Amino acid sequence: MTSDAADLSRRLLAEATHLLNFGAAARLPQGGFGWLDTTGVPMAGRPRMLYVTCRMTHTYSLAALAGHAGARDLVAHGLAALDGPFRDRRYGGWFTAIEEHSDEPAQEHKWAYPHTFVILAASSATVAGVSGARALLDEALEVFTARFWEKEHGAPAEEWDRTFSTLSPYRGANSAMHGVEALLAAADATGDESWARKARQTCELIIRNAQAYEWRLPEHYDAWWNADLDHNADQPKDPFKPYGAQPGHSFEWARLLVHLGPGDEAFINAAEHLFHRAVEDAWAVDGQVGLVYTVDWAGEPIVRNRLHWAVCEAMAAAAVLGQATQVQEYPTWLNRFWRYVQDHHLDTQEGSWHHELSPDLAPTTAIRPGKADIYHAVQACLLPSLPPARSLAAGAAAAELRLPDADPNRCQAQHQSELSG
């Protein structure tokens, strides 16, 4: 590692500590983790979301592996909620959301997306050695296999009703993507390679679909995985299922392909195609620095807001592609993305990162309010310091990281690159 790369890694690890300190306030006395507002306080009047509790449990599992004070208690708190109020003891699986101040379901449907995060949270907690995690992981994998995994497609179904009686015909790349992330984590946590083989099947399906559209990946499909290119054309700012291609997800898929196939030339090649298409379509394409949220099938911007998770995944993809290929282009992009984050996403007054910027780079909440969780940003800050691994938990365990104190001067930190944004 060069001195510049080592310095960047140190600064990013200090930023991870800052984010973990900020996120700890999401712990709710009634169970699980709340959706944080811009000041780091759980937002009143919002249900408790399963995926938020899972992502925070996973993130603090990584923190526990890195010796962060109090992280293990937060993991145990998250696991208790997953084994408690989020669990549907009548029909199985987990509720997508429960009420803010009671354990009644706020949303009764069973969605693959948050169920994959139950697997991820339990996997990372298992690697961290937290009590009860392995039993939860085994159950979550059983539910995923029985209810969501479609062997004929090598990918998950999307959504059931509460009773697992009625299945939606919609299929989505977002749930599939987080299924890959979860299954790779499960393979590392259990030592069972069948989970990694399932993840590979899904990746092969997605690569074929991306190739068919010049590496702009369709997000929406019918029950046979035929692309629905017009889905939600009338709701382009939908926070989960927007119209068009999402370059941020292309970065995320690129990262996962590298995790799954570090020595697989075809997977690395696909990851590079996805990365370069996303950069070409999204980076500073409207005269302002940053990554646009969505583009159409010709690569023209649709929603020009900048979402923090997209640049987080761009940083993460650049980090792992740099490791896998040893091509200098990727560390250069990592520095460029981090400089943009420092200039525009770091919230120097309230803490954490602005989760959304308008096209003129002002903080906004047009798509999602607040600062829901710290999952994407912490991962982006950790990955440049981790060795190649299929999951972040395995990488963190192998690295034997010890997070530094948060940088007291983070708001005045010097840029890591003099490159133009």
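For two helices, an axis is a line fitted to the C-alpha atoms over the stretch in contact, and the angle between two axes is taken between N-to-C directions. With that in hand, a pair of helices in this predicted model makes a convenient starting point.

Helix 2 (residues 50-65) and helix 12 (residues 375-382) have axes that come within 9 Å of each other and cross at roughly 25 degrees. Since angles under 35 degrees count as roughly parallel, helix 2 is therefore roughly parallel to helix 12. The handedness of this crossing is left-handed. On the side of helix 2, the contact is built from Arg55, His58, Thr59 and Leu62, while helix 12 contributes Tyr375, His376, Val378, Gln379 and Leu382. Sorted by class, the residues of this contact comprise 4 nonpolar, 4 polar and 1 charged.

Helix 2 also deserves a look in its own right. Its 16 residues reach 23 Å from the first C-alpha to the last, close to the 22 Å expected at 1.5 Å a residue. Of these 16 residues, 16 are buried, so helix 2 is largely enclosed by the rest of the structure. Just after the helix comes Gly67, with a positive phi of about 75 degrees.

A second pair is formed by helix 1 (residues 3-23) and helix 11 (residues 329-345), whose axes come within 12 Å and cross at roughly 40 degrees. That angle lies outside the range under 35 degrees that counts as roughly parallel, and helix 1 and helix 11 are therefore oblique to each other. Here too the crossing is described as left-handed. Leu8, Leu12 and Glu15 of helix 1 meet Leu334, Asn335 and Trp338 of helix 11. By class, this contact of helix 1 with helix 11 divides into 4 nonpolar, 1 polar and 1 charged residues.

Helix 1 also holds Thr17. With a relative accessibility of 5%, Thr17 counts as buried, because buried means under 20%. Setting aside neighbours within four places in sequence, Thr17 is in contact with His68, Leu403, Pro404, Asp405 and Ala406.

Two further helices can be checked for their length and covering. Helix 6 (residues 173-190) has 18 residues, which should span 26 Å at 1.5 Å a residue; its end C-alpha atoms are 25 Å apart, in agreement with that figure. Helix 6 is mostly covered, with 16 of its 18 residues buried. Gly191, just after helix 6, takes a positive phi of about 80 degrees.

Helix 10 (residues 308-325) also has 18 residues and an expected span of 26 Å at 1.5 Å a residue, and the 26 Å between its end C-alpha atoms agrees. Helix 10 is mostly covered as well, with 15 of its 18 residues buried. The residue that follows helix 10 is Gln326, and its phi is positive, near 60 degrees.

Finally, a strand residue can be added to the picture. Glu150 lies in strand 5 (residues 149-150). Its side chain belongs to the charged class, yet at 12% relative accessibility Glu150 counts as buried. Not counting residues up to four places away in sequence, Glu150 touches Ala155, Pro156, Ala157, Leu167, Arg171 and Trp225.

Note on methods
Residues numbered from 1 in each chain as written. Predicted model: local features only at pLDDT ≥ 70, side-chain atom pairs only at ≥ 80, totals over all residues. Heavy atoms only, no water. Helix = DSSP H or I, 4+ residues; strand = E, 2+ residues; numbered from the N terminus. Expected span 1.5 Å × (residues − 1). Buried < 20%, exposed > 50% of the residue type's maximum accessible area, 1.4 Å probe, protein only. Axes fitted to C-alpha atoms, helices over the stretch in contact; angles between N-to-C directions. Parallel < 35°, antiparallel > 145°, perpendicular 65-115°, else oblique. Left-handed = near helix turned anticlockwise from the far one by under 90°. Contact = heavy atoms within 4.5 Å.
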